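Got the viewer open? Let's take a short walk through this structure, one selection at a time.

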Amino acid sequence: QILDQIVVKEDEDTRFGKGEGYVSDEIFFKLLGADRLVSLDVSGYEKCDIIHNLNMPIPKELEGQFDFIVDGGTFDHLFDIRVAFENVVRLLKPGGRVFQWNAASNFTGKAYLCFGPDFFFDYYILNCFDDCKVYIAVTDRQACEQWDMYEFLGEDYYGYFRSPLMQLVIVLAEKGI
């Protein structure tokens, strides 16, 4: 029934979506219940709403403005990761959530940084996020059709996890009051 109320708009703004018949990010998030979508990027070439380099502190007027932040592989392309984490915390409202997926330890050639799951887990736990779940996703490098997911339960449990397949770190954390 919700599909009857939405006019499907194709993605004509992003480099991978343009001309491919993909649904726009606006429509995608509307289908998930979002009534407002704001995009941020380092440049305006994909028609984002806010142009900002996450290696630099965010402007004061953006603090505490967002309920949900999606990072689909941004952190692994940044240089000042400390400032990027601070920006996420400052952008979120209390009770807001962040959902991230970034290159893990064996993902080379496409990212500046590669993370272990403990990096995100420790950051969000030590910074008093109420809930934090971290996963390791394993998939083949070409098709990315099948993902195997493993919940990170701390260093002792997955301290020596290895795979010849591509790995991503996936995070879902909720900012505390």
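Before we start, a word you'll need: two strands count as paired if DSSP finds at least two bridges between them. Keep in mind, too, that this is a predicted model.

**The whole sheet.** Switch to cartoon view and look for 5 strands forming an open sheet, in the order 3-4-7-5-6, with mixed pairing. Strand 3 (66-71) and strand 6 (148-151) sit at the edges with a single partner strand each, so one side of each has no neighbour in the sheet. From one strand to the next, the twist averages 15 degrees.

**Strand 7.** Now select residues 166-174, which make up strand 7. Color by burial and you'll find that 8 of its 9 residues are buried, so to speak of it as mostly covered is fair.

**One neighbour: strand 4.** Add residues 92-103: this is strand 4, antiparallel to strand 7 over 7 bridges. Click on Ala103, and opposite it in strand 7 is Leu168. Try Asn102 as well; its bridge partner in strand 7 is Val169.

**Another neighbour: strand 5.** Next, pick residues 131-139 for strand 5. Strand 5 and strand 7 also run antiparallel, joined by 9 bridges. To see one such pair, select Cys132 and its bridge partner Ala173 in strand 7.

**The helices.** Select residues 81-91 to get helix 2, lying across strand 3 and strand 4 at about 145 degrees to strand 4. Finish with helix 3, residues 117-126. Helix 3 lies across strand 4, strand 5 and strand 7, and runs at about 170 degrees to strand 5.

Notes: Residues numbered from 1 in each chain as written. Predicted model: local features only at pLDDT ≥ 70, side-chain atom pairs only at ≥ 80, totals over all residues. Heavy atoms only, no water. Helix = DSSP H or I, 4+ residues; strand = E, 2+ residues; numbered from the N terminus. Axes fitted to C-alpha atoms, helices over the stretch in contact; angles between N-to-C directions. Contact = heavy atoms within 4.5 Å. Buried < 20%, exposed > 50% of the residue type's maximum accessible area, 1.4 Å probe, protein only.
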